[in-house]
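Q: I am new to this structure and would like a guided tour. Please take a close look at one part of it, and then show me what else belongs in the picture.

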Amino acid sequence: MIWSAFQLSLLVVIISTAIVGVAGLAFAYLIAKFEFPGKELLDAVLTMPLVLPPTVTGYYLIVLLGRNGFIGGFVYDLTGWSFAFTWQGAVIAAFIVSLPLMIRASRASIESVNPNYEIASYTLGKGKFETFLKITLPLAKRGIFAGLILSFARALGEFGATLMIAGNIPGKTQTMPLAIYEAVASGDDKNAQILALILTAISILAVYLTNKISRSHIYG
Amino acid sequence: MLTVKVKKSFVKKGFREFSLDVDFSANDGITVLAGASGAGKTTVLRLIAGILTPDYGTIKLDSQTFFDSENDLNLPIQERNVGFVFQDYALFPHLTAEQNIAYGAKIEGKSAKLAKARELLTLFHIEHLKDRIPAEMSGGEQQRIALARALASEPKIVLLDEPLSAVDVETRAKLMDEIEFAQTRTKIPFIYVTHNEAEAARLGSQHIKLRTGIVIKDEVFENRESLV
């Protein structure tokens, strides 16, 4: 139980954090640097999972991605496959709840980069993408790393939305937080204890790393 | 020769906060753009570089048109080939002096770019700064790197926005010599923005003075040497 939950959690969290890293950065850059209609709405919608009860987020995921959902129904008709009760569903849940943390942290650090550095790069003939990769990204890396670590930790602890969309199937969709719940419910104190300790250790490490990064002194 | 004939208004909450209406040409020498703060000097530089877009008018450098509102032409900043020296230098804080200069060097290949950077470091006698990051340099040193970085991109014009305002008085004279040296070597127009009377008096083959967004004086000196 512990081993399979640990493996599954790791799989889900690594994949979701990788997607969060790329998507979160793209959204953060878009929101930080561009003015477009619907920008405030987009920002609000992406931030919602931060304040919504996770079960509500999960409910919307079912409405959207379930077998009869707007997107999920289409996917099911086309392929006969659905996000519901799969580990991929757990990845989506972890992704959605941790995305706002990544966007917020990286947006703040992208906005804190002196725009003259980017303008200087443009005057030197560099395009927007190259400037982002070579100038903005390295200068904003502290906030971006902090966002990644927070997203990783949030994804690891995800419970409510995962339960809604992916269920609690041991060996298939039962991640560590769900396994703890089941261990306690069935009176399996020893397993609950071990899982709680593993999650606590990872969380402490995440907080330690985030603090270390935000306190590190770079470029005078 | 640079010709600038533009209008630009800045509106804030419905009120016209500041408007600029300038018309001048600059020779292939150092043109000093003087005036009190708020006169619109930096705005003019930013319009030439393409950082800001005029409301109306034309900006031309020799045969190349940067901006023309009549023909809906607005050359992107990347294609204008201007060397910009910022007031705060805007050296990339995570790169060494050498990497800063090599960044925009107009030559293919990483080692060729670095070679070009070293060449410019030697030209300005600042080889010893090669491996330092901006935080480890004085204001005057950063200014030299900023000028070298601008020149590495082989610009057709160099725009300097109060380049010496963060430098002590002793270093200032030396840096002005270096800017003159760079201009003589490249033979391209340098537009030098300053609000400092002493700097304005010492530099330039042309003086343009702005006040509240309008050119109030435009003098060309045929023989600068006789004036000093």
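**A charged residue and its partners**

A: With a relative accessibility of 30%, E130(A) counts as partly exposed, a label that lies between buried (under 20% relative accessible area) and exposed (over 50%), using a 1.4 Å probe and protein chains only. Before going on, a word on the ground rules: this is a predicted model, where local features need pLDDT of at least 70 and side-chain atom pairs count only at pLDDT 80 or more, while totals for chains, interfaces and linings use all residues. Residues are numbered from 1 along each chain as its sequence is written, chains are lettered from A and ligands numbered from 1 in the order in which they are written, and side-chain values use heavy atoms, with hydrogens and water left out.

Now, back to E130(A). Side chains of opposite charge can pair when their charged atoms come close. Here that pairing is called a salt bridge, meaning a side-chain nitrogen of Lys or Arg within 4 Å of a carboxyl oxygen of Asp or Glu. One partner of E130(A) is K134(A), with the closest N and O atoms 2.7 Å apart. Both residues sit in helix α7 (residues 128–139) of chain A, 4 residues apart, which is about one turn of the helix. (Helices, H or I with at least four residues, and strands, E with at least two, are DSSP runs numbered from the N terminus.) K134(A) is partly exposed, at 41% relative accessible area. E130(A) also forms a salt bridge with K126(A), where the closest N and O atoms are 3.6 Å apart. K126(A), unlike E130(A), counts as buried, at 10% relative accessibility.

Over all chains, the structure holds 19 salt bridges. In chain B, R144(B) pairs with E178(B), the closest N and O atoms being 3.0 Å apart. That pair links distant parts of the chain: R144(B) lies in helix α4 (residues 139–152) and E178(B) in helix α5 (residues 169–186) of chain B, 34 residues apart. R144(B) is buried at 11% relative accessibility, and E178(B) is buried at 13%. Chain B also has a network of salt bridges that links E98(B), R118(B), K130(B) and D131(B).

How many salt bridges cross from chain B to chain A? The rule finds 0 at this interface. The two chains do meet, though: 20 residues from chain B and 21 residues from chain A take part in the contact, where contact means heavy atoms within 4.5 Å. Between them, about 1,800 Å² is buried, and carbon and sulfur atoms give 69% of that area; this is the accessible area (1.4 Å probe) that two parts lose on being put together, summed over both. On the chain B side, Q78(B), H94(B) and Y103(B) lose the most area to chain A, together 37% of what that side buries.

Let us finish inside the protein. The largest nonpolar core has 57 residues, and L2(B) and L159(B) have the most contacts inside it. Such a core is a set of buried Ala, Val, Leu, Ile, Met, Phe, Trp, Tyr and Cys residues joined through side-chain atoms within 4.5 Å. Helix α1 (residues 2–33) of chain A gives the largest share of this core, 7 residues. Leaving aside neighbours within four places in sequence, L2(B) touches residues including F24(B), I48(B), I59(B), L61(B), I157(B) and I191(B). Apart from this core lies another, of 37 residues, among them I30(B), L129(B), M176(B) and I179(B).

I48(B), one of the residues that L2(B) touches, is among the buried residues of helix α1 of chain B. That helix (residues 41–49) is mostly covered, with 8 of its 9 residues buried. Just after α1(B), G50(B) takes a positive phi of about 95°.

Chain A has covered residues too. In its helix α10 (residues 176–185), M176(A), P177(A), L178(A), A179(A), I180(A) and A183(A) are buried. What covers them includes α1, α8 (141–156), α9 (160–166) and α11 (189–215) of chain A. G187(A), just after α10(A), takes a positive phi of about 75°.
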